[in-house]
Amino acid sequence: MAESPKKAAHEYAVLLSALNEAVKHYPKPEGFKFSYGTAGFRTLGVKLPSVMFRCALLAVLRSKKLEGATIGVMVTASHNPEPDNGVKLVDPSGEMLDPAWEHHATSLANCPTAESLISTFFDLAKHLRVDLASPASVAYAWDTRPTGPELIEALQRGLEVFAETTKTINVGITTTPVLHYVVKATNDKTGDYGQPTEEGYMQKMSTAFATLIGNRGPLSELYVDCANGVGAPALATLTKHIGDKLPIHALNTDTTTPGALNSQCGADFVKTKQALPPSVASSGSLAKKDSRGCSLDGDADRIIYYYLADGKTFRMLDGDKIGVMVAMFLGDLVTKAKLREHQLQVGVVQTAYANGSSTKYLKSRGIPVTCVPTGVKHLHHAAQRYDIGVYFEANGHGTVLFSPSAISTLKSFTPSSPDSANAIKHLLALSSLINQAVGDALSDMLLVEVVLAHRGWTAPEWDAAYEDLPNRLVKVEVKDRFIFETTDAERRLVKPEGLQDMVNDAMGKVEMGRSFVRPSGTEDCVRVYAEAKSSADAEALASNVADLVRHFSESV
């Protein structure tokens, strides 16, 4: 039965009063513009309380619009320096916020006054046809950054405005992938995805890992750099679940010393510096024969592996290397399961930043490759087009997606032999081991260890599949990044006119040269990527293209 006008008016007045009272505690900083991008909002943590309050309003609105489905709110700045923080919303399937709502987030965050915020909020609710009296559900979590508690307080204050209609789930201090999992599992009414708690997630992963390792354990010890972030306690919890099947030696686990987070450690440090974290190097851990290590980032959604060749020379096994090894392994399992004739296709999704050698290797072995613009939302959606879609960015963020039809085929297929039955069992276990909502460093770590165990490989044998082309990534500050426009998954420039022709000429002057120019989404700079057959040529190509960018930037 429809709500009476008198009751509706009363509820509106109560909500308006509560909103008026709460919003005055969180004024927007003057002269500061916020923008919701792929990583959500991200800047200095002290600038974000007003944004957190407004994200609470948006999360409630999103949940009500989706008939009470649980929406996630994660407070983290991932691999950024410790003073930074950020917030991003998670949709019911565990994926990133619908891009159509990013504009709504930006609009609310930039309302200059309490009055304009309240007006914008109610206008938005009306425009989206959201019944503000309908139920909502919001799950939230945060990492170990010192600004986290203050920001969570602002979020909670915003959620309390809707206390009468909104259920809240405080997941606590945990990793970004755990929050994504909890949201997806909470919204899965069948219960098949798993218990919607961190404990449920760890149990699900460890059970699948045990199935996949079988009698191959215990594996050799793995050294894990936790970036002094939230991955450290999460790894400790996971270790209890997997027991002695994979002995883990955790490094950089200090989550309380000011300034330690991501400082001279973590996946981003390893990828950009192409070197061991000093703390890992000084420990001498990787000098032992057949040792391997990996680094998580600050919120544990990226992972980079590495080892020392001959106990001396640093060798990096990044997201490209992980993606290639995983895709080849999945392809082999599909073949062993005799599922090729059922058109079960394994495909890989990359960005322009993927090393050219990895793309060439995959294509030469019959694995289809799709290139998309940078950003998890592009990779994730493209991976969904395959039966089994593998995506890993070079920075170590990635996962594997099994389509519903692929899972159905695996569950209903009648194996023709013991080998076929075993391969199907392993594919189904992999679908449980892998976080299919978002890239997860811990899930991906177990995935890598499974593949190495099945192949019987050490890190050097994994690395030997193909040799990365030497590459360089250069950041060029410009007056106006918007004059640079790209096409073809950001691999070619369409503006400024003439610049792409000059980049082509520069590429043609070095053997196996490839370069592209990509404007930043958040700051006035562009990034120049270059690769070539030799390090000297890659360096020269990057420098030449960077000079071209500066020239065009100044002449426009």
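This tour moves through a predicted model one selection at a time, beginning with a helix and its packing partners.

**Helix H16 and its neighbours**

Select helix H16, residues 441–455, and keep it displayed throughout this part of the tour. Two packed helices are described by the angle between their axes and the distance between the axes.

Add helix H7, residues 198–213. The axes of H7 and H16 come within 10 Å and cross at roughly 5°, which makes H7 roughly parallel to H16. To view the contact, show the side chains of Tyr-201, Met-202, Met-205, Phe-209, Leu-212 and Ile-213 on H7, together with Leu-442, Ser-443, Leu-446, Glu-449, Val-450, Ala-453 and His-454 on H16. Coloured by class, this contact of H7 with H16 shows 10 nonpolar, two polar and one charged residues.

Next, select helix H11, residues 319–336. Its axis also comes within 10 Å of that of H16, with a crossing of roughly 55°; H11 is therefore oblique to H16. The crossing of H11 past H16 is left-handed. On H11, display Ile-322, Met-325, Val-326, Met-328, Phe-329 and Asp-332; these meet Leu-447, Val-448, Val-451, Leu-452, His-454 and Arg-455 of H16. The class count for the contact of H11 with H16 is nine nonpolar, one polar and two charged residues.

The third partner to select is helix H8, residues 231–242. H8 packs on H16 at an angle of about 40°, and the two axes are 11 Å apart. This angle makes H8 oblique to H16, and H8 passes H16 in a right-handed crossing. The side chains to display are Ala-234, Leu-235, Leu-238 and Ile-242 of H8, with Leu-442, Met-445 and Leu-446 of H16. The contact of H8 with H16 contains seven nonpolar residues, no polar ones and no charged ones.

**The nonpolar cores**

Now centre the view on Met-445. In soluble globular proteins, nonpolar side chains tend to be buried together. Here the largest nonpolar core has 78 residues, and Met-445 is among those that touch the most other members, along with Leu-330, Phe-402, Leu-430 and Leu-433. Leaving aside residues up to four places away in sequence, Met-445 touches Leu-222, Val-224, Leu-235, Leu-238, Ile-248, Cys-294, Ile-303 and Tyr-305. Another core, of 50 residues, lies apart from the largest one; to locate it, select Phe-34, Tyr-36, Ile-152 and Leu-159, which are among its members.

**A mostly covered helix**

Select helix H13, residues 376–383, in which six of the eight residues are buried. The buried residues are Val-376, Lys-377, Leu-379, His-380, Ala-382 and Ala-383. To see what covers them, add elements including helix H3 (102–109), strand S11 (346–350), strand S13 (388–392) and strand S14 (398–402).

**Backbone features in loops**

Go to the loop between helix H4 (114–127) and strand S4 (136–142) and select Arg-129. Although Arg-129 is not a glycine, its phi is positive, at about 60°. Arg-129 has 77% relative accessibility and therefore counts as exposed.

Move on to the loop between helix H10 (278–283) and strand S8 (293–296), where Asp-290 is found. Asp-290 also has a positive phi, near 60°, in a residue other than glycine. With a relative accessible area of 43%, Asp-290 is partly exposed. Lys-289 lies in the loop between H10 and S8 as well, and counts as exposed because its relative accessibility is 73%. For a distance check, draw a line between the C-alpha atoms of Lys-289 and Gly-72: these residues are 217 apart in sequence and 44 Å apart in space.

**A cis bond and helix H18**

Select Lys-495 and Pro-496, which are joined by a cis peptide bond with omega of about -5°. Pro-496 is placed in the loop between strand S17 (492–495) and H18.

Finally, select Ala-506 in helix H18, residues 499–508. Ala-506 counts as buried because its relative accessibility is 12%. Not counting residues up to four places away in sequence, Ala-506 touches Leu-541 and Val-545. Add Leu-548 to close the tour: Ala-506 and Leu-548 are 42 residues apart in sequence, with their C-alpha atoms 9.7 Å apart in space.

Note on methods: Residues are numbered from 1 along each chain as its sequence is written. This is a predicted model: local features need pLDDT of at least 70, side-chain atom pairs count only at pLDDT 80 or more; totals for chains, interfaces and linings use all residues. Side-chain values use heavy atoms; hydrogens and water are left out. Axes are lines fitted to C-alpha atoms, for helices over the stretch in contact, and angles run from 0 to 180 degrees between N-to-C directions. Helices (H or I, at least four residues) and strands (E, at least two) are DSSP runs, numbered from the N terminus. Angles under 35 degrees count as roughly parallel, over 145 as roughly antiparallel, 65 to 115 as roughly perpendicular and the rest as oblique. A crossing is left-handed if the near helix is turned anticlockwise from the far one by less than a right angle, and right-handed if clockwise. Contact means heavy atoms within 4.5 Å. Ala, Val, Leu, Ile, Met, Phe, Trp, Tyr, Cys and Pro count as nonpolar, Asp, Glu, Lys and Arg as charged, and the others, Gly among them, as polar. A nonpolar core is a set of buried Ala, Val, Leu, Ile, Met, Phe, Trp, Tyr and Cys residues joined through side-chain atoms within 4.5 Å. Buried means under 20% relative accessible area, exposed over 50%, partly exposed in between (1.4 Å probe, protein chains only).
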